[in-house]
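Trainee: Hey, I'm new to this one. Can you walk me through it?
Mentor: Sure, let's pull it up and go piece by piece.

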Amino acid sequence: MICQSCGVEAPTQKVLFVQHIGAIVMFFHKRIGGLFCRNCVNKYFSEYFFITLVLGWWGIISVFATPIVLLIDIFNYLRAWSLPPVPAGAVAPVLTDDAINRINPLAGDLIRRLNTNEPLETVAADIAARARVTPGQVVRYVQALVAQQKAAKK
């Protein structure tokens, strides 16, 4: 699938990381979540976990909130532990004219399957194999269709 953070075509998993910074009388929260590749999971876990670990304790409420936030981040990181590494040379998929021409004959099947709530990842993999394009290009095709529909409604 496509990483929602960096845009590369790589295995992804849905994760959520929370950052908590305590102040004497207030605190600050920041969250990030989505379908992320292993590189982005590692990046966000490191950033959010260590900032919380160092700056999360400075306040009465924060003394109780910080351990919970740290556990949430650790739990989500461990859930993504089995995520395969990003393949060497992985890049963001580009929807070329050639890819569009290969997917167009299968567009009816693609739309029908998505309308029956079949997972995009499954449909994209199947259509990609049949059209001889990457699953990421199929996802970009679907995104282009959705954008086209929204523009037509305006």
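Trainee: Which elements have the lowest and the highest mean pLDDT?
Mentor: This is a predicted model, and among the chain's elements helix α6 (residues 135-153) has the lowest mean pLDDT, 91, while helix α1 (residues 38-55) has the highest, 97. For the chain, the mean is 93, and 100% of residues reach 70 or more.

Trainee: OK, and how do α4 and α6 pack?
Mentor: Their axes sit 12 Å apart at an angle of about 80°, with α4 covering residues 107-115. An angle from 65 to 115 degrees counts as roughly perpendicular, so α4 is roughly perpendicular to α6.

Trainee: Which residues make that contact?
Mentor: From α4 you get Ala107, Leu110, Ile111 and Leu114, and from α6 there's Val138, Tyr141, Val142 and Leu145. Eight of the contact residues are nonpolar, with no polar and no charged ones.

Trainee: Switching topic: which residues touch the most other members in the largest nonpolar core?
Mentor: Phe17, Phe36, Cys37 and Val41, out of 18 residues. Helix α1 gives the most to this core, six residues. There's also a second, separate core of 17 residues, including Ile103 and Ala124.

Trainee: What does Cys37 touch further off in sequence?
Mentor: Skipping residues up to four places away, Cys37 touches Cys3, Cys6, Val8, Ala10, Pro11, Thr12, Leu83 and Val86.

Trainee: And Thr12, buried or exposed?
Mentor: Buried, because its relative accessibility is 15% and the cut-off is under 20%. Thr12 lies in the segment before β1, and its contacts beyond four places in sequence include Met1, Phe36 and Leu83.

Key. Residues are numbered from 1 along each chain as its sequence is written. This is a predicted model: local features need pLDDT of at least 70, side-chain atom pairs count only at pLDDT 80 or more; totals for chains, interfaces and linings use all residues. Side-chain values use heavy atoms; hydrogens and water are left out. pLDDT is the predictor's confidence in each residue, from 0 to 100. Helices (H or I, at least four residues) and strands (E, at least two) are DSSP runs, numbered from the N terminus. Buried means under 20% relative accessible area, exposed over 50%, partly exposed in between (1.4 Å probe, protein chains only). Contact means heavy atoms within 4.5 Å. Axes are lines fitted to C-alpha atoms, for helices over the stretch in contact, and angles run from 0 to 180 degrees between N-to-C directions. Angles under 35 degrees count as roughly parallel, over 145 as roughly antiparallel, 65 to 115 as roughly perpendicular and the rest as oblique. Ala, Val, Leu, Ile, Met, Phe, Trp, Tyr, Cys and Pro count as nonpolar, Asp, Glu, Lys and Arg as charged, and the others, Gly among them, as polar. A nonpolar core is a set of buried Ala, Val, Leu, Ile, Met, Phe, Trp, Tyr and Cys residues joined through side-chain atoms within 4.5 Å.
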